[in-house]
Amino acid sequence: MDLKEQILKEQANKICQTYKIAKEEALERLRVKLAENKPLQELISNAKSAKEVYRTRDFKDFIKKAKKDIYYDLRTYQKNADNLADSHISTRERAPFLDDLFSQIDGYLKEAEVVLDLGGGLFPATFPFDKYPKLRTYIWVDKDKKAYELLEQENYAKVVLYNYPLNENPWEYYLPDGKTEFDLVFMLKLVPVMYRQHREQLGHIAQVPFRHALITGSKEAMVKKLDIQNRENRIITKFITDSGWQITKKIDLPNEFGFLVE
Ligand SMILES: C[S@@+](CC[C@H](N)C(=O)[O-])C[C@H]1O[C@@H](n2cnc3c(N)ncnc32)[C@H](O)[C@@H]1O
């Protein structure tokens, strides 16, 4: 194997140990990036060993940039996804376990007429509306413009979309006429994100009126292969206690965990 191939393979191996990306994809991305980097190609063709290349500033900059690009690409929307739900990493990761999730909350969903999905992302794209005829309205609030536009195109019959930050309006603004509380509120993979990015808004979320709410967190980091369950669990359980809610049921999926509260 020539030196260039050896370097590309070694680096692709390293990247897929850290990031949720297949080895072939990491290799392909590095190959494309290297093809655009003439000085580094030259440096490699004149070098005697991989070690010699790894020590250079050119190589360090190259690999740093490659990792950064992969990190940002994996975080948000996947281009060329086969279906809508697959285009967002949060929904895509849950896809293999959706039946499992819905079976664990089935009893709550069967009773719900009004669902509020806070920071819903593309979750409505995976929601089995046909299975829950009692459901009248599914209200979605998220500040993400891209998710809003994608969902809007789908024209889901029962879904009402609000593209706002969660603290933008009082909760009555979203409540359908005659209702004083939501039957079920989803806060899926939301609370730890808000704790990190918009902690000042959590007090507002704590006031949302509901009969039941489902709050979940991830077991693994979104992009890196890193166990984060303990950290997320601490944030979520503290938020539940501070909000004065009681846990009525625990939810467990291979890569997500959560609590039903009332
Ligand atoms: C990790 S994603 C989870 C998406 C979805 N709930 C799921 O589990 O598939 C978090 C979502 O919360 C939204 N979000 C975070 N902070 C928000 C805020 N302050 N106001 C509105 N949306 C917010 C983000 O735009 C993103 O869509």
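**Notes on the sheet, its helices and the ligand shell**

1. Let's start with a helix packed on the sheet of this predicted model. Helix 7 (residues 98–111) lies across strand 4, strand 5 (210–218), strand 6 and strand 7 (256–261), and makes an angle of about 150° with strand 6.

2. Helix 11 (residues 229–243) also deserves a look: strand 5, strand 6 and strand 7 are the ones it lies across, and its direction is about 160° to strand 5.

3. Now the sheet itself. Seven strands form an open sheet with mixed pairing, in the order 3-2-1-4-5-7-6. Strand 3 (159–162) and strand 6 (247–253) are the edges, each pairing on one side only. From one strand to the next, the twist averages 15°.

4. For a closer view of one pair, take strand 1 (residues 114–118) and strand 4 (residues 182–187): they run parallel and are joined by three bridges. Within this pairing, Val 115 of strand 1 has Leu 184 of strand 4 opposite.

5. On to the ligand. Its shell holds 20 residues, and those that come nearest are Gly 119, Gly 121, Lys 143, Asp 144 and Leu 188. By character, the shell divides into eight nonpolar, eight polar and four charged residues. Helix 6 and helix 9 (191–197) each supply at least two of them, and helix 9 gives the most, with three residues.

6. Finally, a loop residue worth a click: Ser 87 sits between helix 5 (57–75) and helix 6 (89–94). Ser 87 counts as buried because 20 other C-beta atoms lie within 10 Å. Leu 122 is 35 residues away from Ser 87 in sequence, yet their C-alpha atoms are 8.5 Å apart in space.

Definitions and conventions: Residues are numbered from 1 along each chain as its sequence is written. This is a predicted model: local features need pLDDT of at least 70, side-chain atom pairs count only at pLDDT 80 or more; totals for chains, interfaces and linings use all residues. Helices (H or I, at least four residues) and strands (E, at least two) are DSSP runs, numbered from the N terminus. A residue is buried if 20 or more other C-beta atoms lie within 10 Å of its own, exposed if 12 or fewer, and partly exposed in between; C-beta atoms are placed from the backbone. A residue is near a molecule or strand if its C-beta atom, placed from the backbone, lies within 6 Å of it. Ala, Val, Leu, Ile, Met, Phe, Trp, Tyr, Cys and Pro count as nonpolar, Asp, Glu, Lys and Arg as charged, and the others, Gly among them, as polar. Two strands pair if DSSP finds at least two bridges between them. Axes are lines fitted to C-alpha atoms, for helices over the stretch in contact, and angles run from 0 to 180 degrees between N-to-C directions. Two residues are in contact if their C-beta atoms, placed from the backbone, lie within 7 Å.
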